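Visitor: I have a structure to go through and would like to discuss its packing and its side-chain contacts. Could we begin with the overall picture and then turn to the details?

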Amino acid sequence: MCDLLDSQQPAEKLSRMKKLRRTLSESFGRLALKKDDNDFDEICVTKMSTRNCQGMDSVIKPLDTIPEDKKVRVQRTQSTFDPFEKPNNQVKRVHSENNACINFKSSSAEKESPKLRRHSSPSSPTSPKFGKADSYEKLEKLGEGSYATVYKGKSKVNGKLVALKVIRLQEEEGTPFTAIREASLLKGLKHTNIVLLHDIIHTKETLTLVFEFVHTDLCQYMDKHPGGLHPDNVKLFLFQLLRGLSYIHHRYILHRDLKPQNLLISDTGELKLADFGLARAKSVPSHTYSNEVVTLWYRPPDVLLGSTEYSTCLDMWGVGCIFVEMIQGVAAFPGMKDIQDQLERIFLVLGTPNEESWPGVDTLPHFKPDRFTQYSAKNLRQAWNKLSYVDHAEDLASKLLQCFPKNRLSAQAALSHEYFSDLPPRLWELNDMSSIFSVPNVRLQVEAGESTKAFGKNIYGKGQSHVKH
């Protein structure tokens, strides 16, 4: 029928229809080529997309602190700055605040990003560039974990010290999701109290995350100053920790692995949240004396009892434990065996929970009343006497260390606690990228048994050498 109608059309109309068909054919051809070029982009974005804090693991369900109608949306936009670009423009990366993946192309016509040119010397096309493995020099090994090794390094681009987290890639397993999550989260977080991710380098064998170099962590700092830190220093460290947490919690992101080892301390006294990739969504029973047990020390009782319905309150328990440890000089709840032992130590101080003190505790998977000794709650100063030496410290600690998750103070509310009332008001007016040490007269105090000559001018206002731990 269609052929019959076509044969009856005037020659002029036939000519127009042929031109239209040819135009449409060429258009579809161009679309097909474009789709082929973008196939890898779409596959890569799908595989490497990161989920919001509610969806990082399917078991996470938010409490009232994270409304259901305010979930983090992953937005992907093409970036004009491509630190991964290789010579001849053979490699192109897709960037977004929560994504970084590789898209291989062979278009020699593409021009180098003007922002990329800014980082390299115009005098030599072989000058070091960001995103290249040979742009950094390894100086010494700082530590090694199950899937990554951390080195102290130096940038050949600007001469600054960096920390190189080299993640080993297994051909059959691919890139560890923890590494993808850490990199994607940190690309979108810009705050002076969160460690800065400078660069990402991808090779066939490794994925290297390049961080700003920070001299020590809170664990090492406390080991260097046993018996508890100077009360004023505790206050400044805690204030910075709460600033960083308030920033990420406002964006509905949970750290989920707060402990002194993951809080970096710079040579100027700045505290920075680090290691966003090692957090876990739910407690896994562990009968071991390894570092997994140490992590239990900062894990809240609701998670230890098997709860999977938690939100920002998870991090706030860790804040309370770290606060007590900084003041007292010993871990608040140093369990030595397993989850049962950890819970017994918590209940010894805070009291064994029941339905009256903790609504819903009977429904938690691992809560069996007959398994735990029945303890009554104590004043925190009975367990940690140094809390009584500092005004309002015990009250703040008690509002953070609540067994019932919903009773824990939020990071923003904790910043307004009376414990911080003697700090300069300007600290609450700082923008995200301003250090608290930019405010006049805010500085760390000399710890017991140390000389001001051993520390840098940025910390105590005296001496000339930088602090090294």
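Guide: A residue is called buried if its relative accessible area is under 20%. On that basis, 48% of the 469 residues of the chain are buried. Please note that the model is a predicted one.

Visitor: How many helices and strands does the chain have?

Guide: There are 14 helices and ten strands.

Visitor: And what share of the contacts join residues at least 24 apart?

Guide: The share is 63%, taken among contacts between residues at least 6 apart in sequence.

Visitor: Let us turn to aromatic pairs. How many are there?

Guide: The count is nine aromatic pairs. One of them joins Phe239 and Trp428, with 5.1 Å between the ring centres and 85 degrees between the planes, an edge-to-face arrangement.

Visitor: Why does that pair tie together parts that are apart in sequence?

Guide: Phe239 belongs to helix H6 (residues 231-250), while Trp428 is in the loop between helix H13 (411-415) and helix H14 (457-460), so the pair links parts 189 residues apart in sequence.

Visitor: Is Phe239 buried or exposed?

Guide: Phe239 is buried, at a relative accessible area of 1%. Its partner Trp428 is partly exposed, with a value of 37%.

Visitor: Why is the pair of Tyr419 and Phe420 classed as edge-to-face?

Guide: The planes of Tyr419 and Phe420 stand at 75 degrees, with the ring centres 4.9 Å apart, so the pair is edge-to-face. The cut-off for that class is an angle over 60 degrees. Tyr419 and Phe420 are both buried.

Visitor: Which residues form one aromatic cluster?

Guide: The cluster consists of Phe239, Phe323, Tyr419, Phe420 and Trp428.

Visitor: What lies over the face of Tyr419?

Guide: Lys235 does, at 4.7 Å from the ring centre. Another charge over a ring is found at Tyr247, where the charged end of Arg251 sits 3.7 Å from the ring centre.

Visitor: Staying with Lys235, which residue forms a salt bridge with it?

Guide: The partner is Asp422, and the closest N and O atoms are 3.0 Å apart. Lys235 is in helix H6 and Asp422 in the loop between H13 and H14, so this salt bridge ties together parts that are 187 residues apart in sequence.

Visitor: Is Asp422 buried or exposed?

Guide: Asp422 counts as exposed, at 54% relative accessibility. Lys235, by contrast, counts as buried at 9%.

Visitor: How many salt bridges are there?

Guide: The count is eleven salt bridges. Among them is the bridge between Glu270 and Lys272, at 3.9 Å from N to O. Glu270 counts as buried at 12% relative accessibility, and Lys272 counts as buried at 5%. Elsewhere, Lys141, Glu144 and Arg168 are joined into one network by salt bridges that share partners.

Visitor: What about Lys259, which residue does it form a salt bridge with?

Guide: Lys259 pairs with Asp257, the closest N and O atoms being 4.0 Å apart. Lys259 is buried at 13% relative accessibility, and Asp257 is buried with a relative accessible area of 8%.

Visitor: Changing topic to the open sheet of three strands: in what order do they come?

Guide: The order is E8-E9-E10, with antiparallel pairing. Strand E8 (216-217) and strand E10 (271-273) are at the edges and have a single partner strand each, so one side of each lacks a neighbour in the sheet.

Visitor: How many bridges pair E8 and E9?

Guide: Two bridges join E8 to strand E9 (residues 263-265), in the antiparallel sense. Across this pairing, Asp217 stands opposite Leu264 in E9.

Visitor: Which helix packs on the sheet?

Guide: H6 does, touching E9 and E10, and the direction of H6 makes about 30 degrees with that of E10. This is the helix that holds Phe239 and Lys235.

Visitor: One last point: why is helix H4 described as largely enclosed?

Guide: Nine of the eleven residues of H4 (residues 177-187) are buried, so the helix is largely enclosed by the rest of the structure. The buried residues in H4 include Ile180, Leu185 and Leu186. Arg181 and Glu182 are also among them.

Conventions
Residues are numbered from 1 along each chain as its sequence is written. This is a predicted model: local features need pLDDT of at least 70, side-chain atom pairs count only at pLDDT 80 or more; totals for chains, interfaces and linings use all residues. Side-chain values use heavy atoms; hydrogens and water are left out. Rings of Phe, Tyr and Trp (its six-membered ring) pair if their centres lie within 6.5 Å; planes under 30 degrees apart count as stacked, over 60 as edge-to-face and the rest as tilted. Helices (H or I, at least four residues) and strands (E, at least two) are DSSP runs, numbered from the N terminus. Buried means under 20% relative accessible area, exposed over 50%, partly exposed in between (1.4 Å probe, protein chains only). A charge sits over a ring if NZ of Lys or CZ of Arg is within 6 Å of the ring centre and within 35 degrees of the ring normal. A salt bridge is a side-chain nitrogen of Lys or Arg within 4 Å of a carboxyl oxygen of Asp or Glu. Two strands pair if DSSP finds at least two bridges between them. Contact means heavy atoms within 4.5 Å. Axes are lines fitted to C-alpha atoms, for helices over the stretch in contact, and angles run from 0 to 180 degrees between N-to-C directions.
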